[in-house]
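The following paragraphs walk through a protein model, going from charged pairs to the nonpolar interior and back to the surface. Please keep the structure open while reading.

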Amino acid sequence: MDYVKFGNTGLEVSKLCLGCMTYGVSDRGSHAWTLDEENSRPLIKQAIELGINFFDTANVYSDGTSEEIVGRALKDFAKRDDVVIATKVFNRMRPGPNGAGLSRKAIMTEIDHSLRRLGTDYVDLYQIHRLDKKTPIEETMEALHDVVKAGKARYIGASSMYAWQFAKAVYTSRLNGWTQFISMQNHVNLLNREEEREMLPFCADQGIAVMPWSPLARGRLTRAWEETSERQKTDEFGKGLYVQAEQADRNIVEQVAAVAKARGVPQAQVALAWLLQKPDITSPIIGASKPAHLTDAVAALSLKLTKEEIASLEAPYVPHAVAGFG
């Protein structure tokens, strides 16, 4: 496993982050494809054994049960000081006023609930899952600053939004002497490269870590275009991410398959290797519902694509409308 500095901080994380949306009790959430605790624990243990020290979850994943499962597994399989735990806040956790969003009340309430579910005194990275357009950014940033100063989080990060919105948040914290965002969790893969226009250059310029979600496009980059999966058929959020430029996207997937065949490796390794070789990427968030998903991801760290292969993978791309901000 390779380890890298997380943006401009001294924090060191594995070059791969295990995304834990897959782990949770589905009858308490909205995903038919998630794994229960018995089937989740071996994968979390395998990730640790492979050297992954970075784990990303969220309060909303399977109604909080992802945090519960991940927290118990990390307590059993690792030392707390050796792992980097990230979770997120914003989405609705209960009906009625103040059950969602990034108000001071919501943030202060949800950090305590997340810590209880995770079974830890602090999280290493507390992220806003999306931007709350109904709450002043000053209120959100000051509340996050106070979470850090209370010792409940070591760092703060953000997820998908427009680059100008992220810049506003970063500079609001600087103007007021508050804790600053150190990371951006955004949507970057071979089928969606729109973040290359503004967000990635901004993060590179400011020394902000980038940890892309869905690096394999919800599995679309790992199999033939005509093939599908249980998640692809039932993931309502994912259905809206890849509905544009179908022919161009299909051409990209076929090119991934061609490079993979020539190299004698699975498509997943090629698609992830492309992302890992981008200079602005810190630690992609990989999902794993099978042991091979983890071994393929680790193998991708050693797969170095040539300039010609990278060019062939990128050539079919056409501009896409923004997807994943909602």
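Lys-152 is partly exposed, because its relative accessibility of 25% falls between the cut-offs of 20% and 50%. The model is a predicted one. Lys-152 forms a salt bridge with Asp-112, and the closest N and O atoms of the two are 2.8 Å apart. This pair connects distant parts of the chain, since Asp-112 belongs to helix H3 and Lys-152 to the loop between H4 and S7, 40 residues apart. Asp-112, at 37% relative accessibility, also counts as partly exposed.

A second salt bridge joins Asp-56 to Lys-88, with 2.7 Å between the closest N and O atoms. Here too the partners come from distant parts of the chain: Asp-56 sits in strand S4 (residues 54-56) and Lys-88 in strand S5 (residues 84-89), 32 residues apart. Asp-56 has a relative accessibility of 2% and therefore counts as buried. Lys-88 is buried as well, at 0%.

A third pair is Glu-196 and Arg-193, whose side chains meet in a salt bridge at 3.0 Å, N to O. Glu-196 is partly exposed, with a relative accessible area of 27%, whereas Arg-193 is buried at 12%. These two residues belong to a network of salt bridges that also links Lys-278 and Glu-314. In total, 16 salt bridges are counted in the model.

The loop that holds Lys-152 follows helix H4. Helix H4 covers residues 137-149, which makes 13 residues, and reaches 18 Å from its first C-alpha to its last, close to the expected 18 Å. Just after H4, Gly-151 has a positive phi of about 80°. Which residues of H4 are buried? They are Ile-137, Thr-140, Met-141, Ala-143, Leu-144, His-145, Val-147 and Val-148. The cover over these buried residues includes helix H3 (104-118) and helix H5 (163-176), together with strands S6 (123-128), S7 (153-159) and S8 (181-185).

Strand S7 contains Ile-156, a residue that counts as buried because its relative accessibility is 0%. Ile-156 touches Met-141, Leu-144 and Val-148, and its further contacts beyond four places in sequence are Leu-125, Tyr-126, Thr-179, Gln-180, Phe-181, Ile-182 and Ser-183. Met-141, Leu-144 and Val-148 are among the buried residues of H4. Leu-125 is 31 residues away from Ile-156 along the chain, yet the C-alpha atoms of the two are separated by 5.2 Å.

The next topic is the nonpolar interior. How many residues does the largest nonpolar core have? It has 86, and the residues with the most contacts inside this core are Leu-18, Ile-44, Phe-55 and Phe-166. Helix H10 (residues 267-276) supplies the largest share of the core, seven residues. Apart from this core lies another, of twelve residues, among them Phe-6, Leu-11, Ile-182 and Ala-209.

Phe-55 shows what one of these well-connected positions looks like in detail. Beyond four places in sequence, Phe-55 is in contact with Leu-18 and Ile-44, and also with Cys-17, Cys-20, Ala-47, Ile-48, Leu-74, Val-83, Val-84, Ile-85 and Ala-86.

Helix H10 is largely enclosed by the rest of the structure, because ten of its ten residues are buried. Its buried residues include Val-270, Leu-272, Trp-274 and Leu-276, and also the polar Gln-267 and Gln-269. The elements covering the buried residues of H10 include helix H9 (246-263), strand S10 (285-286), helix H11 (291-300) and H12.

Helix H12 (residues 307-314) is where Leu-313 is found. With a relative accessible area of 0%, Leu-313 is buried. Leu-313 is in contact with Val-270 and Trp-274, as well as with Leu-190, Ile-252, Gln-255, Val-256, Val-259 and Leu-305, leaving aside neighbours within four places in sequence. Leu-313 and Glu-254 are 59 residues apart in sequence, and their C-alpha atoms are 9.1 Å apart in space.

The last stop is the surface. Is Trp-164 buried or exposed? Trp-164 lies in helix H5 and counts as exposed, because its relative accessibility is 56% and the cut-off for exposed residues is over 50%. Trp-164, Tyr-162 and Val-322 make up a nonpolar surface patch of about 340 Å².

Conventions:
Residues numbered from 1 in each chain as written. Predicted model: local features only at pLDDT ≥ 70, side-chain atom pairs only at ≥ 80, totals over all residues. Heavy atoms only, no water. Helix = DSSP H or I, 4+ residues; strand = E, 2+ residues; numbered from the N terminus. Expected span 1.5 Å × (residues − 1). Buried < 20%, exposed > 50% of the residue type's maximum accessible area, 1.4 Å probe, protein only. Contact = heavy atoms within 4.5 Å. Patch = residues over 30% accessible without salt bridge, like charges linked within 9 Å, V, L, I, M, F, W, Y side chains within 5 Å. Areas by Shrake-Rupley, 256 points an atom, 1.4 Å probe, with all protein chains shown as cover. Salt bridge = Lys/Arg side-chain N within 4 Å of Asp/Glu carboxyl O. Core = buried A, V, L, I, M, F, W, Y, C linked by side-chain atoms within 4.5 Å.
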